[in-house]
Amino acid sequence: MRKVEVDKEMGLKSVKEYPPAPLSKPAEGAGGKTGLWRTYRPVVDLNKCTGCRICWAYCPDRAIKLRDDGKVEVDYVWCKGCLICFHECPVKAIDKVVEEFGE
Ligand code: SF4
Ligand code: SF4
């Protein structure tokens with residue numbers, strides 16, 4: 001379901017009005033920490049980020065964290081590199097780079 005459809009269904013004007021998810025923290029499953037699955041790493045450019053929270057709403061692993069300044073950062077322990085955030089960011093504030101663990 002697209003964001004606009006979610007907004008319409010929930011009667012919300014902005015992602016910032018989304019209620020906290022009931023399971024809002026990632027947890028380790030049988031596949032271990034999902035951060036180890038990455039082949040690409042999303043990197044947020046804080047100079048471009050507007051704090052719209054769309055990436056936060058879309059991230060399937062709750063791996064986007066809200067910063068005190070209203071912008072976002074990626075929790076690389078849990079980010080599995082699906083790049084949904086990269087594709088959905090409306091201002092192209094998220095880049096993708098090849099993951100090199102241990103750098
Ligand atoms: S979608 Fe882009 S602009 Fe919006 S909070 Fe995420 S990184 Fe920032
Ligand atoms: S790449 Fe996927 S898992 Fe990682 S922060 Fe973006 S949406 Fe979440």
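Let's start with ligand 2. Around ligand 2 in this predicted model we find Pro-42, Cys-59, Pro-60, Asp-61, Ile-64, Cys-79, Lys-80, Gly-81, Cys-82, Leu-83, Ile-84 and Cys-85. Sort that shell by class. Nine of its residues are nonpolar, one is polar and two are charged.

Where does ligand 2 sit? The space that ligand 2 takes up is the largest cavity. The volume of the largest cavity is about 90 Å³. Its lining has 13 residues, and those closest to the centre are Cys-59, Cys-79, Lys-80, Cys-82 and Cys-85. By class, that lining comes to 10 nonpolar, one polar and two charged residues.

A word on how such spaces are found. A probe the size of a water molecule is rolled over the atoms, and this shows where empty space is left.

Now some individual residues from the ligand 2 shell. Take Cys-59. Is Cys-59 buried or exposed? Cys-59 counts as buried, because its relative accessibility is 15% and the cut-off for buried is under 20%.

Next, Leu-83. Leu-83 is in the loop between β3 (72-74) and α3. Its relative accessible area is 9%, so Leu-83 is buried. How far apart are Leu-83 and Cys-59 in space, C-alpha to C-alpha? The answer is 8.7 Å, with their positions 24 residues apart in sequence.

Then Pro-42. Pro-42 belongs to strand β1. With a relative accessibility of 2%, Pro-42 counts as buried. Its C-alpha lies 9.1 Å from the C-alpha of Glu-99, and the two are 57 residues apart in sequence.

One more contact on this side involves Gly-81. The C-alpha atoms of Gly-81 and Trp-37 are separated by 7.2 Å, though the two residues are 44 apart along the chain. Trp-37 lies in the loop between α1 (3-10) and β1. Trp-37 is partly exposed, because its relative accessible area of 46% falls between the 20% and 50% limits.

On to ligand 1. Which residues are around ligand 1? They are Cys-49, Thr-50, Gly-51, Cys-52, Arg-53, Cys-55, Val-72, Cys-89, Pro-90, Val-91 and Ile-94. This shell divides into eight nonpolar, two polar and one charged.

Ligand 1 also has a cavity. Ligand 1 sits in the second largest cavity. That cavity holds about 70 Å³ of space. The second largest cavity is lined by 13 residues, and closest to its centre are Cys-49, Cys-55, Val-72, Cys-89 and Ala-93. Its lining has 10 nonpolar, two polar and one charged residues. In total, the count is two cavities of 30 Å³ or more.

Look at Cys-55 in the ligand 1 shell. Cys-55 has a relative accessible area of 8%, so it is buried.

You have heard a lot of cysteines. How many disulfides does the count come to? Zero.

Now the backbone. Most residues other than glycine have a negative phi. Two residues here need a look.

The first stop is Arg-53, from the ligand 1 shell. Arg-53 is not a glycine, yet it has a positive phi of about 75 degrees. Arg-53 is placed in the loop between β1 (40-44) and α2 (54-58). Its relative accessible area is 24%, so Arg-53 is partly exposed.

The next stop is Lys-92. Lys-92 is also a residue other than glycine with a positive phi, near 55 degrees. Where is Lys-92? In the loop between α3 (84-88) and β4 (94-98). Lys-92 counts as exposed, because its relative accessibility is 55% and exposed means over 50%.

Step back to the whole chain. The protein has three helices and four strands. Along the sequence, the pattern reads α-β-α-β-β-α-β. Of the 103 residues in the protein, 32% are buried.

To recap the two sites. Ligand 2 takes the largest cavity, and ligand 1 sits in the second largest cavity. Cys-59 is buried in the model, and Cys-55 is buried as well. Arg-53 is partly exposed, while Lys-92 is exposed. That's the tour.

Definitions and conventions: Residues are numbered from 1 along each chain as its sequence is written. Chains are lettered from A and ligands numbered from 1 in the order in which they are written. This is a predicted model: local features need pLDDT of at least 70, side-chain atom pairs count only at pLDDT 80 or more; totals for chains, interfaces and linings use all residues. Side-chain values use heavy atoms; hydrogens and water are left out. A residue is near a molecule or strand if one of its heavy atoms lies within 4 Å of it. On a 1 Å grid over the protein atoms alone, a cavity is a set of points where a 1.4 Å probe fits but cannot get out, and a pocket is an open set with protein on both sides within 12 Å along at least five of seven lines; lining residues have an atom within 4 Å of a point. A molecule sits in a cavity or pocket if more than half of its atoms lie within 2 Å of its grid points. Ala, Val, Leu, Ile, Met, Phe, Trp, Tyr, Cys and Pro count as nonpolar, Asp, Glu, Lys and Arg as charged, and the others, Gly among them, as polar. Grid points are joined across faces, edges and corners, and a volume is the space filled by probe spheres set on the points. A disulfide is a pair of cysteine sulfur atoms within 2.5 Å. Buried means under 20% relative accessible area, exposed over 50%, partly exposed in between (1.4 Å probe, protein chains only). Helices (H or I, at least four residues) and strands (E, at least two) are DSSP runs, numbered from the N terminus.
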